[in-house]
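User: I'd like to learn how to read a structure like this one. Could you walk me through it, feature by feature?

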Amino acid sequence: MNIFKIIEDIQKVDPEVYDRLDSRRQVFKNMGSIGKKTALAAVPFALGSVFQKAYGQSSNMVLDVLNFALKLEYLERNFYTQGLEASGLITDSAARGAIEQIQMHEAAHVDLLKSTIESLNGTPIDEPTFDFGKNFPNWNSDYQTFLTLAQAFEDTGVRAYKGQAANLLNNDTVLTVALQIHSVEARHAAHVRRMRGNMGWIEGAGDNSNVPEGAQAVYAGEDNVMQGGVNDVKAVGAGYSVAIATAAFDEPLSKEQVAQIVSLFE
Amino acid sequence: MKKLHDKPADQVKSESGSFNALMQRRAFFRYAGATAAATTMILGFSSCDDDNEEMMPVEPDTVDLGSGDTGILNYAYALEQLEAAFYATVVDRSLSMFSQSEQQIMQDLKGHEGIHRDFLKAALGSAAIPDLEVDFSSIDFEDKSNILATASTFEDLGVAAYNGAGQYLENAGFLTLAGKIVSVEARHAAVIRDLISNGTFSDSANNMGLDPAMMPADVLKAAAPFIKTKISANNLPK
């Protein structure tokens, strides 16, 4: 692979490529040192990382991610707020306590994301109008339906944040905040799953998640066993079952996949 | 490069999504693809993305995690070794003191941490640190509440460690990979907390709804009483 040929090619479609690369991390100096101490096979790695840094993110992309996350947090906050207000829906005191805590976190996430967007000179999106009854008419009268949706929202939230982490690679502060929200969503997910009698983790493509057919999109791809260049992660060490291998890794969702899921409630 | 074909198209797309959104230039896709292909390679190198030319010296008998992304992955590997060894011991020695549903949880935790450890070792290849020697002498494996308290410490520490280390990764593929693992650690942490006291699953979060993020030096200090092998994080990205 000829790095300079590649950059020349890129220059044909992006005349500013040299500026982008050079202003970032003195890339050519770095590439020189990479060449000195690294096997040739590793160069694509380094190169990928260089381009990721140069092209992967702009402040607009970070703002897009934050507004994307804000929409999900609006949805969750709205859902739990309404659920807690629905009479006779959440009656058990332990369940109420858990849902109240989750609602409080989602509300805090909304506030934090809005202020973060503003601090980056962006404009937070307004809260959309959600229609939880659109496809689930008994969402606020039937406790089990409510919990099923809660599980779907939390597991979707975990996957959605995970899918955007790489788009925040260049903004350490925002990335870290996103990760700190991401793990809280995972804690919520585990608890809500157990409130429904499920295990806290996702085996296969939702095999142990007890959701109706229409909600399968929430778990699409969770049965992946190819991780980081290991073609079959079941085969590492002394070997692992499909259930262990799939539950041990949560999978990301793309923005489009998340939008598809959210559209069921808009 | 051949590995690209081993990868499902949707995965390649999601890993190069950042390019797609910004560039919208067809000619560039080939290079975005190259990134995706590169991230599928098993690590067979040492510290290629390291900005510092000079490596800090390491004392003899000390395991150096290394630098750059390799160092961060070795750091994760060290913590997964600790967790895996712990749950293997719990399942070996303490299973009978748990209820049937709790036993299933302990078996799953042993499996998840075991596969995290073995996966990271495989991914790191020759860059992997050696097996660490653990020290569980302070844990009473005859005492359920002590076991759960220790599990909670390890799981919350693991979550905080991954949350704090993400910003040091340079490679998008590795960042996503760390994300795949950390949310499972958070699920564990929540379940263990609930086993100790139901409803405390996310009490780790502050009033902004954020889980802790800890720096490697602090994490390793907290883990040190349970690891006999001396570990140096001196060359990790800062």
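Analyst: Let's go from confidence and overall make-up to helices and then single residues. Keep in mind throughout that this is a predicted model.

User: Then confidence comes up right away. What pLDDT does chain B average, and what are the overall scores of the model?

Analyst: Chain B averages a pLDDT of 83, and 77% of its residues score at least 70. Over residues 1-41 of chain B, though, the pLDDT is below 50, and the model gives this stretch 70 contacts beyond near neighbours in sequence. Residues 43-53 of chain B also stay under 50, with 35 contacts beyond four places in sequence. For the model as a whole, ipTM is 0.81 and pTM is 0.81.

User: Next, the make-up. How many helices and strands are there in chain B, and how many in chain A?

Analyst: Chain B has eight helices and two strands, in the order α-α-α-β-α-α-α-α-α-β along the sequence. Chain A has 10 helices and zero strands.

User: What share of each chain is buried?

Analyst: In chain B, 54% of the 238 residues count as buried. In chain A, buried residues make up 48% of 266. You can also ask how far along the sequence the contacts reach. Taking contacts between residues at least 6 apart, 73% of those in chain B join residues at least 24 apart, and in chain A the figure is 65%.

User: How do I tell which face of a helix points inwards?

Analyst: Start from the general idea: an α-helix has 3.6 residues a turn, so residues three or four places apart point the same way. Now take helix α8 of chain B, residues 216-223, where the buried residues are B:Pro216, B:Val219, B:Leu220 and B:Ala223. They sit on the same side of α8(B), because they cover an arc of only 95° around the axis. On the other side of α8(B) you find B:Ala217 and B:Lys221, both exposed.

User: What do the buried residues of α8(B) pack against?

Analyst: Their partners are α4 (68-93), α6 (144-165) and β2 (230-232), again in chain B.

User: You've just named α4(B) and α6(B). How do I describe the way two helices sit against each other?

Analyst: Look at the distance between the axes, the crossing angle and the handedness. The axes of α4(B) and α6(B) come within 11 Å and cross at roughly 165°. An angle over 145 counts as roughly antiparallel, so that is what α4(B) and α6(B) are to each other. α4(B) passes α6(B) in a left-handed crossing. Among the residues that meet are B:Ile72, B:Leu79 and B:Phe86 in α4(B), and B:Ile147, B:Phe154 and B:Ala161 in α6(B).

User: Let me try a pair in chain A. At what angle do α7(A) and α8(A) cross, and within what distance do their axes come?

Analyst: Helix α7 of chain A (residues 143-164) and helix α8 of chain A (residues 172-195) cross at roughly 155°, with axes that come within 8 Å. α7(A) and α8(A) are therefore roughly antiparallel to each other, and their crossing is left-handed. The contact includes A:Leu147, A:Val158 and A:Tyr161 of α7(A), along with A:Ile181, A:Ala189 and A:Val192 of α8(A).

User: And a single side chain? Is A:Phe146 buried or exposed?

Analyst: Count the C-beta atoms around it. A:Phe146, in helix α7 of chain A, counts as buried because it has 24 C-beta neighbours inside 10 Å. Leaving aside neighbours within four places in sequence, A:Phe146 is in contact with A:Gly83, A:Leu89, A:Trp139 and A:Asn140. A:Gly83 is 63 residues away along the chain, yet its C-alpha atom is separated from that of A:Phe146 by 7.6 Å.

User: What about the backbone? Which phi does A:Asn121 have, and which does A:Asn210 have?

Analyst: Check the sign of phi at residues other than glycine. A:Asn121 has a positive phi of about 65° although it is not a glycine. A:Asn121 is in the loop between α6 (93-119) and α7 of chain A, and it is exposed, with 8 other C-beta atoms within 10 Å. A:Asn210, also not a glycine, has a positive phi of about 50°. A:Asn210 lies in the loop between α8 and α9 (242-247) of chain A and is partly exposed, with 14 other C-beta atoms within 10 Å.

Technical notes: Residues are numbered from 1 along each chain as its sequence is written. Chains are lettered from A and ligands numbered from 1 in the order in which they are written. This is a predicted model: local features need pLDDT of at least 70, side-chain atom pairs count only at pLDDT 80 or more; totals for chains, interfaces and linings use all residues. A residue is buried if 20 or more other C-beta atoms lie within 10 Å of its own, exposed if 12 or fewer, and partly exposed in between; C-beta atoms are placed from the backbone. Helices (H or I, at least four residues) and strands (E, at least two) are DSSP runs, numbered from the N terminus. The arc is that of the directions from the helix axis to the C-beta atoms. Two residues are in contact if their C-beta atoms, placed from the backbone, lie within 7 Å. pLDDT is the predictor's confidence in each residue, from 0 to 100. Axes are lines fitted to C-alpha atoms, for helices over the stretch in contact, and angles run from 0 to 180 degrees between N-to-C directions. Angles under 35 degrees count as roughly parallel, over 145 as roughly antiparallel, 65 to 115 as roughly perpendicular and the rest as oblique. A crossing is left-handed if the near helix is turned anticlockwise from the far one by less than a right angle, and right-handed if clockwise.
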